[in-house]
Amino acid sequence: NDDAGTRIDWRLRTGLQNLGTGQLKGMDSVYIGHTASGRIVLKCIVVEGAKQIEHWYELQAKDTDMHIQQRIMTGKGLKSVYWAFELSNLDADSELVLDIVALHPLYFDRRI
């Protein structure tokens, strides 16, 4: 759980991607199949102008050792062509066994 008393943080991050299209898109929801202990956060990273902006969503803690699927509803105003996603721990003793991440984008008519 630690390295000689120093907390070990973990994270899993994708690169920026256009999800297969140059269309502007929002993210209706993200489904995560996992087993976790401690507090976990999903970060949605979007490009606004020339900046990458992070939006944080904490997964609801579930007291179970079984695989579960959680739905994370993202902010309705988030729109971008390029998206990245990151899962990371908020607690030093958080653990994650990840099964699947399913994205449900909403596509808009505008192209870049």
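How many bridges join strand 4 to strand 7, and in which direction do the two strands run relative to each other? I would like to start there, with the caution that what we are looking at is a predicted model. Six bridges join strand 4 to strand 7, which covers residues 68–73, and the two run antiparallel. To give one example of this pairing, Tyr 31 has Arg 71 in strand 7 as its bridge partner. Strand 4 is also mostly covered, with 11 of its 15 residues counted as buried.

Let me step back to the whole chain. The protein has nine strands and zero helices, so that, read from the N terminus, its elements run β-β-β-β-β-β-β-β-β. The C-alpha trace spans about 50 × 30 × 20 Å along its principal axes, and of the 112 residues in the protein, 31% are buried. If we take the contacts with a separation of 6 or more, 81% of them are between residues 24 or more positions apart.

Now to the sheet that I want to describe in some detail. It is an open sheet of four strands, in the order 3-8-5-6, and the pairing is antiparallel. Strand 3, residues 11–13, and strand 6, residues 51–58, stand at the edges with a single partner strand each, and therefore one side of each has no neighbour in the sheet. Direction ignored, neighbouring strands of this sheet are turned by 20° against each other on average. As a general reminder, the strands of a sheet pair through backbone hydrogen bonds, in either a parallel or an antiparallel manner. Between strand 5 and strand 6, which run antiparallel, there are eight bridges, and one bridge partnership there links Val 47 with Gln 52 of strand 6.

Turning to the interior, the largest nonpolar core has 14 residues, and those with the most contacts inside it are Ile 32, Leu 42, Leu 59, Trp 83 and Phe 85. At least two residues of this core are supplied by each of strand 4 (23–37), strand 5 (40–48) and strand 8 (83–89), while the largest share, four residues, comes from strand 5.

Which residues does Phe 85 contact, once its neighbours within four places in sequence are left aside? The list consists of Leu 12, Arg 13, Thr 14, Met 27, Val 30, Leu 42, Lys 43, Cys 44, Ile 45 and Leu 103. Phe 85 and Trp 83 are both buried. As for aromatic pairs, the count comes to one: the ring centres of Trp 83 and Phe 85 are 6.0 Å apart and their planes are at 10°, so this pair is stacked. A ring is also involved in a separate arrangement, in which the charged end of Lys 79 sits over the ring of Phe 108, at 4.9 Å from its centre.

My last residue is Ser 88, which has its place in strand 8. Is Ser 88 buried or exposed? Its relative accessibility is 8%, and because the cut-off for buried is under 20%, Ser 88 counts as buried. Not counting residues up to four places away in sequence, Ser 88 touches Trp 10, Arg 11, Arg 39, Ile 40, Val 41 and Lys 43.

To close, I would keep two items in mind for the discussion: the open sheet with the order 3-8-5-6, and the stacked pair of Trp 83 and Phe 85.

Methods. Residues numbered from 1 in each chain as written. Predicted model: local features only at pLDDT ≥ 70, side-chain atom pairs only at ≥ 80, totals over all residues. Heavy atoms only, no water. Core = buried A, V, L, I, M, F, W, Y, C linked by side-chain atoms within 4.5 Å. Buried < 20%, exposed > 50% of the residue type's maximum accessible area, 1.4 Å probe, protein only. Contact = heavy atoms within 4.5 Å. Phe/Tyr/Trp six-rings, centres within 6.5 Å; stacked < 30°, edge-to-face > 60°. Lys NZ or Arg CZ within 6 Å of the ring centre and 35° of its normal. Pairing = 2+ DSSP bridges. Axes fitted to C-alpha atoms, helices over the stretch in contact; angles between N-to-C directions.
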